[in-house]
Amino acid sequence: MTTACNIARNDVYDQNIVIDLEFTPVPNEAGPDCLHYEIIQIGAVRVSSDGLMLDQFCCFVRPQWAPFVSWKVQRITGIRDSALQDAPSFAQALVLLREWIGEGRTRMVAWSGTDKAQILAECAAKGLRVPGNMDRWMDLQRVFPRAVGMRKKRTCMALHDALAWFDMEPQKGCEHQALLDAEHTAQLLISLLKGEHLEHAKAMRSAMGKGKERSGYNVMAGALAGLLAQMQGA
C-alpha cells in the first residue's frame with residue numbers, strides 16, 4: 001500500500017502512469033447486470049520516477065452496450081457519439097494502452113479508485129484479462145490529504161481543489177476530458193515527488209497563522225512542509 005511517506009521513493013518504480021477515464025452509463029436492459037458504465041475515453045501521462053512528465057496516451061473507446069453517450073456526459077466532457085464511431089473497442093484500446101505502458105516496474109496512479117474499479121469491472125464483463133503491467137495502483141485522492149496533513153473530514157478532495165491548494169491553474173479546455181484530468185493529476189504527483197512546493201507551504205503557514213487560530217489549510221501547510229522535507233531527504 002502506498003503511503004504519504006513513500007510517494008517519493010524513486011527506487012521502487014521505473015515509471016508512474018497517471019490515468020483518467022471517461023465513461024457513459026449502460027442502460028439496464030442493454031448490458032450485463034454487473035456493468036453499469038462503459039469507458040469511452042482513456043487519457044494517460046507517463047511520469048518518470050524522479051518526477052519528469054515524459055509522454056502521453058489518449059484514445060476514444062467505442063462502447064459495446066451503451067447505445068449512445070448520455071446527455072449529461074456529453075455536457076460535462078464534450079464527447080459526442082460521432083467521436084466514438086470509428087474508435088477502437090475496449091479490448092483493442094486496452095492492448096494499445098498496454099503496449100504504450102511497456103515493460104518495467106510500473107505504478108498506475110489515478111485520482112480516486114473509480115478508474116481502477118471500472119477497468120476491472122469492464123474486463124470481467126467482457127471476458128478480458130487485466131494487463132500485467134497494470135496491477136499496481138495508487139489512489140492519489142486518498143494519499144494526497146494524508147500527505148498534506150488534511151483533516152479527515154476533507155479526505156475526499158476534488159481534483160480542482162487540490163490544484164487550487166497548490167496555486168496551480170487548470171489548463172484551458174474541457175475540464176473533464178480524460179487526458180486533461182490525467183495531466184492535472186500528474187502535476188500534483190510531480191509536486192509531491194520533487195518537493196517543489198515546500199517554500200509555498202512555508203509561505204502559506206507564515207501568512208495565515210502566527211498568533212492566530214489555524215484553519216484546516218494552515219495545518220495542511222505545516223504538515224506539507226515537514227513531509228516534503230522528509231521526501232527531499234528520502
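**Exercise 1. In what order do the elements of the protein run from the N terminus on?**

Solution. The structure is a predicted model. The program's assignment gives eight helices and five strands. Read from the N terminus, these elements follow the order β-β-β-α-α-β-α-β-α-α-α-α-α. Of the 234 residues, 50% count as buried. Among contacts with a separation of 6 or more, 73% are between residues 24 or more positions apart.

**Exercise 2. Work out the strand order of the open sheet and find its edges.**

Solution. Step 1: the five strands are arranged as E3-E2-E1-E4-E5, and the pairing is mixed. Step 2: E3 and E5 (137–139) each have a single partner strand, so one side of each is left without a neighbour in the sheet. Step 3: on average, neighbouring strands are turned by 25 degrees against each other, direction ignored. Step 4: take the pair E4 and E5, which run parallel and are joined by three bridges. In this region, Ala 110 stands opposite Asp 139 of E5.

**Exercise 3. Describe how H3 and H6 lie with respect to the strands.**

Solution. Step 1: H3 lies across E1, E2, E4 and E5, and runs at about 70 degrees to E1. Step 2: H6 (residues 178–194) lies across E1, E2, E3, E4 and E5, and runs at about 35 degrees to E2.

**Exercise 4. Check the span of helix H2 against the expected value, then locate its buried residues.**

Solution. Step 1: H2 has 12 residues (90–101), which at 1.5 Å a residue should span 16 Å. The expected span is 1.5 Å times one less than the number of residues. Step 2: the end C-alpha atoms of H2 are 16 Å apart, in agreement with the expected span. Step 3: the buried residues of H2 are Phe 90, Ala 93, Leu 94, Leu 97, Trp 100 and Ile 101. Step 4: these residues cover an arc of only 125 degrees around the axis, and therefore lie on the same side of H2. Step 5: their cover includes the strands E1 (15–25), E2 (37–48), E3 (53–60) and E4 (106–110), together with helix H3 (114–125). Step 6: just after H2, Gly 102 takes a positive phi of about 80 degrees.

**Exercise 5. Identify the largest nonpolar core and the elements that supply it.**

Solution. Step 1: the largest nonpolar core has 26 residues. Those with the most contacts inside this core are Val 47, Trp 111, Leu 140, Phe 144, Phe 166, Leu 188 and Leu 189. Step 2: at least two residues of this core come from each of E2, H4 (140–147), H5 (159–165) and H6. H6 gives the most, with eight residues. Step 3: take Phe 144 as an example. Leaving aside neighbours within four places in sequence, Phe 144 is in contact with Trp 111, Met 157, Ala 162, Phe 166, Leu 188 and Leu 192. Step 4: apart from the largest core lies another, of 22 residues, including Phe 23, Ile 39, Ile 42 and Met 108. As background, nonpolar side chains tend to be buried together in soluble globular proteins.

**Exercise 6. Is Ser 112 buried or exposed, and where is Ser 112 found?**

Solution. Step 1: Ser 112 is found in the loop between E4 and H3. Step 2: the relative accessibility of Ser 112 is 14%. The cut-off for buried is under 20%, so Ser 112 counts as buried. Step 3: Ser 112 has a positive phi of about 100 degrees, although Ser 112 is not a glycine.

Technical notes
Residues numbered from 1 in each chain as written. Heavy atoms only, no water. Helix = DSSP H or I, 4+ residues; strand = E, 2+ residues; numbered from the N terminus. Buried < 20%, exposed > 50% of the residue type's maximum accessible area, 1.4 Å probe, protein only. Arc of directions from axis to C-beta. Contact = heavy atoms within 4.5 Å. Pairing = 2+ DSSP bridges. Axes fitted to C-alpha atoms, helices over the stretch in contact; angles between N-to-C directions. Core = buried A, V, L, I, M, F, W, Y, C linked by side-chain atoms within 4.5 Å.
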